[in-house]
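Reader: I would like to go through this model with you and ask, for each label, what stands behind it.

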Amino acid sequence: IVIGLLALVVFIVFISNAKDLSAATNMAFAAVISNLVMMHVGGALGVTLGIGAAILVGLLFGTLNGILVAWLDINPFIATLVSSLVFEGIGLVITDAQTLNFMPKGLLKLNRTYLAGIPVMFLFAVALYIIGTYALKKSSFGRRLFAVGTSRKAAFLSGVSPVLYKMIAYW
């Protein structure tokens with residue numbers, strides 16, 4: 001399920017005619033920070049803050065990649081590879097290269113919950129795919145993202161900001 005969600009995110013970046021080699025590292029680094037927050041705060045507040053921290057880390061990581069690729073016009077392979085290596089190194093330093101295996105019982109229970117014999121997390125992933133497909137096919141955002149990916153110059157001449165939409169793709 002996690003790999004499927006990661007594929008959805010990378011697909012959005014690919015539509016904008018960019019590449020992202022750092023998506024897995026982004027996810028892993030966000031998980032490290034989330035896990036540390038959950039361990040140190042504890043309880044339901046820790047879970048809430050941990051999930052919020054993971055989302056914030058993902059947004060910051062994506063913003064950095066967006067700035068490097070869209071704004072500074074650095075080759076996406078180089079920019080995302082470098083950011084991936086930097087954040088992987090930071091994660092290793094933070095954890096002292098040790099595996100973090102703390103998981104609150106509530107999250108473990110959610111991961112093991114079924115609805116009509118189907119894992120709830122799978123249903124969550126399907127819902128995100130449906131929302132993502134709708135957003136890409138039916139919304140002006142999706143049309144503009146495809147325009148930027150097809151022809152950056154034509155998108156610009158049509159009034160679409162290629163830099164903005166490429167940055168949004170990395171978020």
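Reader: Where is the place of A97?

Author: A97 sits in the loop between α4 and α5 (105-111), where helices are DSSP runs of H or I of at least four residues and are numbered from the N terminus. Because this is a predicted model, local features need pLDDT of at least 70 and side-chain atom pairs count only at pLDDT 80 or more, while totals for chains, interfaces and linings use all residues. Residues are numbered from 1 along each chain as its sequence is written, and side-chain values use heavy atoms, with hydrogens and water left out.

Reader: Why is A97 called exposed?

Author: Exposed means over 50% relative accessible area, buried means under 20%, and partly exposed lies in between (1.4 Å probe, protein chains only). A97 has 52% relative accessibility, so the residue counts as exposed.

Reader: What is the phi of A97, and what is the phi of N17?

Author: A97 has a positive phi of about 60° although it is not a glycine, and N17, also a residue other than glycine, has a positive phi near 65°. Most residues other than glycine have a negative phi. N17 is placed in the loop between α1 (2-15) and α2 (23-41), and its relative accessible area of 47% makes N17 partly exposed.

Reader: How do you know whether T95 is buried or exposed?

Author: The relative accessibility of T95 is 12%, and therefore T95 counts as buried. T95 lies in helix α4 (residues 76-95) and, not counting residues up to four places away in sequence, touches V32 and L100, a contact being heavy atoms within 4.5 Å.

Reader: Which class does L81 of helix α4 fall into, and what makes it so?

Author: L81 has 40% relative accessibility, so L81 counts as partly exposed. L81 is also one of the residues that make a nonpolar surface patch of about 1100 Å², among them W71, F77 and I94, and the largest share of this patch, 8 residues, comes from α4.

Reader: Why is the packing of α7 against α9 called roughly parallel, roughly perpendicular, roughly antiparallel or oblique?

Author: Helix α7 (residues 140-150) and helix α9 (residues 162-170) pack at an angle of about 110°, with their axes 10 Å apart. Angles under 35 degrees count as roughly parallel, over 145 as roughly antiparallel, 65 to 115 as roughly perpendicular and the rest as oblique, so α7 is roughly perpendicular to α9. The contact is made by F141, R144, L145 and V148 of α7 together with P162, Y165, K166, I168 and A169 of α9.

Conventions
Helices (H or I, at least four residues) and strands (E, at least two) are DSSP runs, numbered from the N terminus. Patches are made of residues with over 30% relative accessible area and no salt bridge: like charges are joined within 9 Å, nonpolar side chains (Val, Leu, Ile, Met, Phe, Trp, Tyr) within 5 Å. Accessible areas come from the Shrake-Rupley method with a 1.4 Å probe; for residues, only the protein chains shown count as cover. A salt bridge is a side-chain nitrogen of Lys or Arg within 4 Å of a carboxyl oxygen of Asp or Glu. Axes are lines fitted to C-alpha atoms, for helices over the stretch in contact, and angles run from 0 to 180 degrees between N-to-C directions.
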